[in-house]
Structures are given as structure tokens and as C-alpha cells.
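Please read the following report alongside the sequence and the coordinates. It takes up solvent exposure, a metal site, a pocket, a nonpolar core and a few backbone details in turn.

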Amino acid sequence: MIYSIVAYGDPVLKKKAQDIQPDYPELQKLIADMFETMYNANGVGLAAPQIGLSLRLFVVDGSPFDEEKLADFKKVFINARIVESSKETSTFNEGCLSIPDIREDVVRPERIRMQWLDEHLQPQEAEFDGIPARIIQHEYDHIEGMLFTDRLAAFKRTLLFRKLDNISKGLIKVDYKMKFPFRLKRR
Ligand code: NI
């Protein structure tokens with residue numbers, strides 16, 4: 001099932017998400033639906049708040065990046081925590097399925113160490129760098145109630161104000177299903 005992706009301005013994107021409990025109903029179905037929704041929108045990551053669920057769950061698949069080490073970077077992160085971040089940072093041009101048509105350079109730690117549960121609820125721990133670290137940190141922000149635009153300098157955000165406002169009102173063209181928090185009602 002393909003979900004509508006929640007657009008910029010929806011309060012669910014600003015909320016710190018809750019841990020998933022082991023007895024969460026139909027978790028495998030939800031995970032499969034999130035992958036389907038992500039692929040349908042040509043994304044490389046999707047977090048549960050982006051389909052309106054304030055849960056600590058995100059999925060990633062880096063294979064669209066033409067890099068050998070990303071070929072099998074397809075993962076499910078449940079109740080993830082970043083336990084270490086490197087002092088070294090890197091800059092990468094990011095986009096977000098909830099913020100179509102906006103891409104900006106974002107500075108983030110180059111390496112992170114993560115603890116999480118995989119799709120079988122087995123505990124995992126690993127270090128990531130490069131594009132995987134980038135994708136994970138972007139999605140991790142979503143479950144912390146943060147968007148990449150929150151990481152931009154204030155003057156940049158000011159420049160984007162009208163575009164962001166238009167997105168929240170649905171005044172954009174986008175080729176996947178979205179839910180706009182301030183869509184103007186037709187009379
Ligand atoms: Ni995003």
C-alpha cells in the first residue's frame with residue numbers, strides 16, 4: 001500500500017517520535033508499505049512521521065546512488081539511537097520527500113555510530129560514513145522531529161520562506177501522493 005507523504009508544515013514532522021513496542025500490530029506490513037511508498041516517490045529514505053505516524057522507524061535504500069558500497073545498503077531502523085558522532089563534518093546537497101523541489105547543502109558529522117533494532121527486532125550496532133551516514137542522519141532527524149531546513153542558516157531559511165509556504169499549501173507539482181497541512185479548500 002502506498003501512503004500519502006506528509007508535506008512540510010504538518011505538526012507530525014516536528015514531533016519527537018515514540019519507540020515502537022515489540023507487540024506493534026502488523027509491523028512487517030508497515031515496513032513493506034514504507035518501502036513501497038519510498039520507491040514510488042524515488043526516495044532513498046523514508047521515516048514513519050512522513051506517513052503521519054510518530055514512530056521511531058525509518059527505511060533506507062541507497063542503491064540509486066551509483067556506488068558499489070551502496071548496492072546493498074537497504075535497511076530498516078527501529079528505535080534507533082545515534083551513540084557517537086564524529087567531530088569531522090561534511091557537506092552534502094540534501095532533499096526530502098516532504099519538501100519537494102528544494103535542495104540545499106547541509107553540514108553534518110561525517111561518521112556516526114548507531115544502535116537500533118532491525119526488521120526482526122534484533123539489536124544491531126554499526127558505524128557508518130559517507131552517503132550511508134548522510135541518509136541515516138537525515139532520516140534520524142525525522143524521528144527526532146527535525147527537518148533539513150532546520151539545519152540551514154537563518155538567512156537561507158528566510159529565502160526559502162515562500163517556497164516552503166507554498167509546499168505546505170499544496171501549491172506545487174509533485175508526481176507522488178502527498179498530504180498538505182494547509183491545502184486551501186476549493187469553493
Ligand atoms: Ni526527509
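## Exposure and the basis of the model

A residue is called buried when its relative accessible area is under 20%, exposed when that value is over 50%, and partly exposed in between. Asn40 has a relative accessibility of 37%, and therefore counts as partly exposed. The model is a predicted one, and the values below should be read with that in mind.

Asn40 belongs to helix α1, and its C-alpha atom is separated by 9.3 Å from that of Asp175, although the two residues are 135 residues apart along the chain.

## The nickel site

Which residues coordinate the nickel ion? The donors are the SG atom of Cys96 and the NE2 atoms of His138 and His142, at 2.1 to 2.2 Å. Along the sequence these donor residues follow the spacing C-x41-H-x3-H. Because Cys96 is placed in the loop between β5 and β6 (104–109) whereas His138 is part of helix α2, the pair ties together parts of the chain that are 42 residues apart in sequence. Both Cys96 and His138 are buried.

## Helix α2

Helix α2 is mostly covered, with 13 of its 14 residues buried. At 1.5 Å a residue, the 14 residues of α2 should span 20 Å, and the C-alpha atoms at its ends are 21 Å apart, so the two values agree. The expected figure is 1.5 Å multiplied by one less than the number of residues in the helix. After α2 comes Gly145, which has a positive phi near 80°.

## The largest pocket

The largest pocket has a volume of about 430 Å³, and its lining is made up of 25 residues, of which Val44, Gly95, Cys96, Leu97 and Arg103 lie nearest the centre. Two elements, β5 (89–94) and α2 (130–143), each give two or more residues to this lining. The element that gives the most is α2, with 5 residues. Cys96 is thus named both among the residues nearest the pocket centre and among the donors of the nickel ion.

In its composition, the lining of the largest pocket divides into 11 nonpolar, 8 polar and 6 charged residues.

## The nonpolar core

In soluble globular proteins, nonpolar side chains tend to be buried together. The largest nonpolar core in this model holds 35 residues, and those with the most contacts inside it are Ile31, Met34, Leu46, Leu57, Val59 and Ile99. At least two residues of this core come from each of β1 (5–6), α1 (27–40), β3 (57–61), β4 (74–85) and α3 (154–168). The largest share, 6 residues, is supplied by α1.

## Positive phi outside glycine

Most residues other than glycine have a negative phi. Asn79 has a positive phi, near 50°, although it is not a glycine. Asn79 lies in strand β4, and because its relative accessibility is 15%, below the 20% limit, Asn79 counts as buried.

Asp101 also has a positive phi, of about 70°, without being a glycine. This residue is found in the loop between β5 and β6. With a relative accessible area of 58%, which is over the 50% limit, Asp101 is exposed.

## Distances between separate parts of the chain

Helix α3 contains Lys163 and Asp165. Lys163 is partly exposed, with a relative accessible area of 46%, and Asp165 likewise counts as partly exposed, at 24% relative accessibility. The C-alpha atoms of Lys163 and Pro100 are separated by 9.7 Å, with their positions 63 residues apart along the chain counted as the sequence distance. For Asp165 and Val60, which are 105 residues apart along the chain, the C-alpha atoms are separated by 27 Å.

Is Leu55, in the loop between β2 (45–47) and β3, buried or exposed? Its relative accessible area is 11%, so Leu55 is buried. Leu55 and Arg103 are 48 residues apart in sequence, and their C-alpha atoms are 25 Å apart in space. Arg103 is one of the residues that lie nearest the centre of the largest pocket.

Definitions and conventions: Residues are numbered from 1 along each chain as its sequence is written. Side-chain values use heavy atoms; hydrogens and water are left out. On a 1 Å grid over the protein atoms alone, a cavity is a set of points where a 1.4 Å probe fits but cannot get out, and a pocket is an open set with protein on both sides within 12 Å along at least five of seven lines; lining residues have an atom within 4 Å of a point. Grid points are joined across faces, edges and corners, and a volume is the space filled by probe spheres set on the points. Helices (H or I, at least four residues) and strands (E, at least two) are DSSP runs, numbered from the N terminus. Ala, Val, Leu, Ile, Met, Phe, Trp, Tyr, Cys and Pro count as nonpolar, Asp, Glu, Lys and Arg as charged, and the others, Gly among them, as polar. Buried means under 20% relative accessible area, exposed over 50%, partly exposed in between (1.4 Å probe, protein chains only). Donors are N, O and S atoms within 2.8 Å of the metal (3.2 Å for Na, K and Ca); water is not among the atoms, so sites may look incomplete. A nonpolar core is a set of buried Ala, Val, Leu, Ile, Met, Phe, Trp, Tyr and Cys residues joined through side-chain atoms within 4.5 Å.
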